[in-house]
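Q: Got a minute to go through this one with me? I'd like to look at a few spots one by one.
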Amino acid sequence: MSFKPTPLWLTALAAPFLATPLLATAADATLSLPNEATVGVEVVEELAFESNQTRLNDILLHPTQAASASHSLPEYCVIVGRAQRVDERIRVTTQEATCIETHDADSDIFTGEFSASAYGEDGQYGIACEGSQCALSPGQTFLLTLDQPVEIEELDNPSAELNEQRPQADGEGIANPVPRDEAVPD
């Protein structure tokens, strides 16, 4: 049996060496925000306290533009938190965030601890309630102030790794052959 190198064999042999520098530089990505940074957010869905309710867990927030924010988060971000009604204020605190930062066809995924608290426009802890029902609605922007610095390392992106392994669209490789000129049989 003779050995004959083929383009597929050469690609399989060279792929690990070509992918290594990409993974090393991607692993250096970090989502960083300093202590006391402020970011604009809003609730994903209506948040309302009923008369006997004082706490809501697992509320979802996402970033939005706020003129008085000192920093911004990636556009695709979900922040998980809690809301507590205290007198005529809604106190929002957060625990973690998952953000995806896109760069053309590539994306970086960050998931980690995100400790922040909401402060009203009056500078007091919590957001003032209007009327007898305390509620927050999508489109109602407020600021989160970080309680500690955020340093979230990038996660491995399995989709990006799969895309690197796929053959190019020019027809090279077994998984993506160039169509033949022959008609497809029924």
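Q: Which strand is S117 in?
A: S117 sits in strand β8. Bear in mind that this is a predicted model.

Q: OK. Is S117 buried or exposed?
A: S117 is buried, because its relative accessibility is 6% and the cut-off for buried is under 20%.

Q: And what does S117 touch, leaving aside neighbours within four places in sequence?
A: With those neighbours set aside, S117 contacts V92, T93, Y125, L143, L144, T145 and D147. For T93, the C-alpha atom is 4.5 Å from that of S117, with the two positions 24 residues apart along the chain.

Q: What does the side chain of S117 make a polar contact with?
A: The partner is the side chain of D147, at 3.2 Å.

Q: Y125 came up in that contact list. Which residue does Y125 form an aromatic pair with?
A: The count of aromatic pairs comes to 1. That pair is Y119 with Y125, and it's tilted: 5.6 Å centre to centre, with 50° between the planes.

Q: Why does Y119 count as partly exposed?
A: Y119 has 31% relative accessibility, so it falls between the cut-offs of 20% and 50%. Y125 is partly exposed too, with a relative accessible area of 30%.

Q: Switching topic: how many residues does the largest nonpolar core have?
A: It has 33 residues. Those with the most contacts inside it are L47, L61, I90, V92, F114, F142 and L144. Several elements give two or more residues to this core, including β1 (30–33), β4 (55–63), β8 (116–119) and β12.

Q: Which element gives the most to this core?
A: That's β6, with 4 residues.

Q: Why would residues like that gather at all?
A: In soluble globular proteins, nonpolar side chains tend to be buried together.

Q: What does F114 touch, not counting residues up to four places away?
A: F114 touches L33, V39, L73, I79, T94, Q95, E96, A97, L144, L146 and V150.

Q: You listed β12 before. Which residues does strand β12 cover?
A: β12 runs over residues 150–155, and L155 lies in it.

Q: What's L155 in contact with, beyond its neighbours within four places in sequence?
A: L155 is in contact with I109 and T111. Also, L155 and D108 are 7.4 Å apart, C-alpha to C-alpha, while being 47 residues apart in sequence.

Q: Why isn't L155 called buried?
A: L155 has a relative accessible area of 39%, and buried means under 20%, so L155 is partly exposed.

Key: Residues are numbered from 1 along each chain as its sequence is written. This is a predicted model: local features need pLDDT of at least 70, side-chain atom pairs count only at pLDDT 80 or more; totals for chains, interfaces and linings use all residues. Side-chain values use heavy atoms; hydrogens and water are left out. Buried means under 20% relative accessible area, exposed over 50%, partly exposed in between (1.4 Å probe, protein chains only). Contact means heavy atoms within 4.5 Å. Rings of Phe, Tyr and Trp (its six-membered ring) pair if their centres lie within 6.5 Å; planes under 30 degrees apart count as stacked, over 60 as edge-to-face and the rest as tilted. A nonpolar core is a set of buried Ala, Val, Leu, Ile, Met, Phe, Trp, Tyr and Cys residues joined through side-chain atoms within 4.5 Å. A polar contact is a pair of N or O atoms within 3.5 Å; within protein, one must be able to donate a hydrogen and the other to accept it, and residues adjacent in sequence count only if both atoms are side-chain atoms.
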